[in-house]
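Welcome to my notebook. I wrote these entries as I looked things up, and you are welcome to follow along with the structure open.

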Amino acid sequence: MTFAVKRMPTPQGIGAGQTASINLPLGLTYTRLMIRAKALIGGSQVDLAPANWATVFGEIRLMVNGDAQITIDAGDLVKLNQFYGKTPKVGVLPLFLSRPWIRTIGGEDQTGYGTVGMDTFSIEIDIKSGQTVSLLEVYAVQSAATVYGPHLRIQRYT
């Protein structure tokens, strides 16, 4: 399968205590979103280390047709990636929609987000109060178009 990495539209609402939102283009299948960020840490603007994501960002939500399909704190996403051996690189936090650690025929890409048939697809990222974010970009790893069907869903339970 061929994959392309594309930069997504510019986030709206980048400010302390705000929610940055990005409307993602429809058509292709999303297998991974990569959130790139720089923030003020220790008096200087730096690419965020894995330990700093939870300091700057709160909840991350992936929305399909206005319904949250993935809801996870940035710190928990770092831990989830580390659990599967995908420790984030400095400055980039991946949100895996497909599961590259599932080694079965078709298993890796089964949970990707096909956007054919969706009305809206977006990501929302809460920025914690008192934090200064100087760079916030989202890149997507995409493959050929598929219909919206089986997909990964992460929810918060109390």
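**Entry 1: what I call buried.** Before looking at any residue I fixed my terms: buried means under 20% relative accessible area, exposed means over 50%, and partly exposed is in between. I also noted that this is a predicted model.

**Entry 2: aromatic rings.** I wanted to know how many aromatic pairs a search of the whole structure finds. The search gives 4. I opened one of them, Tyr30 with Phe121, and found an edge-to-face pair, with 4.9 Å from centre to centre and 70° between the planes. Where do the two partners lie? Tyr30 belongs to strand 3 (residues 29-41) and Phe121 to strand 9 (residues 121-127), so this pair ties together parts that are 91 residues apart in sequence.

Next I checked whether Tyr30 is buried or exposed. Its relative accessible area is 0%, so Tyr30 is buried. Phe121 has 2% relative accessibility and therefore counts as buried too. I then looked at Phe121 with Tyr113: the ring centres are 5.8 Å apart and the planes are at 20°, so this pair is stacked. Tyr113 is buried, as is Phe121. Put together, ring pairs link Tyr30, Tyr113 and Phe121 into a cluster.

**Entry 3: an open sheet.** In what order do the strands of the open sheet run? I read the order as 2-9-5-6, which makes 4 strands with antiparallel pairing. Strand 2 (19-23) and strand 6 (67-73) stand at the edges; each has a single partner strand, so one side of each has no neighbour in the sheet. I also noted the turn between neighbouring strands of this sheet, which is 15° on average with direction ignored.

**Entry 4: strand 2, at one edge.** I followed the side chains along strand 2 and saw them alternate. Ala20 and Ile22 point to one face and are buried, while Thr19, Ser21 and Asn23 point to the other face and are not buried. This fits a general pattern: in a regular strand, side chains alternate between the two faces of the sheet. Strand 2 pairs with strand 9 in the antiparallel sense over 5 bridges. I looked up one partner in strand 9: Asn23 is bridged to Ser122.

**Entry 5: the hairpin at the other edge.** Over how many bridges do strand 5 (residues 57-64) and strand 6 pair? I found 6 bridges, in the antiparallel sense. Among the partners in strand 6, Asp73 is bridged to Glu59, and Ile72 stands opposite Ile60. The two strands form a hairpin with 2 residues between them. Asn65 sits in the loop between strand 5 and strand 6. The phi of Asn65 is near 50°, a positive value in a residue other than glycine. With a relative accessible area of 39%, Asn65 is partly exposed. I also saw helix 2 (residues 74-83) lying across strand 5 and strand 6, at about 80° to strand 6.

**Entry 6: two loop residues.** I looked at Leu24 first, in the loop between strand 2 and strand 3. At 5% relative accessibility, Leu24 counts as buried. What does Leu24 contact, leaving aside neighbours within four places in sequence? The contacts are Met8, Tyr30, Leu33, Leu62, Phe121, Ser122 and Ile123. I was pleased to meet Tyr30 and Phe121 again here.

Then I moved to Pro11, in the loop between strand 1 (4-7) and strand 2. Pro11 is buried, with a relative accessible area of 9%. Not counting residues up to four places away in sequence, Pro11 touches Ala20, Ser21, Ile22 and Leu136. I also checked Pro11 against Leu135: they are 124 residues apart along the chain, and their C-alpha atoms are separated by 9.9 Å.

**Entry 7: the largest pocket.** My last search was for open space. The largest pocket has a volume of about 190 Å³. Which residues line the largest pocket? I listed Arg32, Met34, Lys86, Thr87, Pro88, Lys89, Val92, Pro94 and Phe96. The elements giving two or more residues to this lining are strand 3 and strand 7 (92-96). Strand 7 provides the largest share, with 3 residues.

Note on methods: Residues numbered from 1 in each chain as written. Heavy atoms only, no water. Phe/Tyr/Trp six-rings, centres within 6.5 Å; stacked < 30°, edge-to-face > 60°. Buried < 20%, exposed > 50% of the residue type's maximum accessible area, 1.4 Å probe, protein only. Pairing = 2+ DSSP bridges. Axes fitted to C-alpha atoms, helices over the stretch in contact; angles between N-to-C directions. Contact = heavy atoms within 4.5 Å. 1 Å grid on protein atoms, 1.4 Å probe; cavity = no way out; pocket = protein on both sides within 12 Å on 5 of 7 lines; lining within 4 Å. Points joined across faces, edges and corners; volume = space filled by probe spheres on them.
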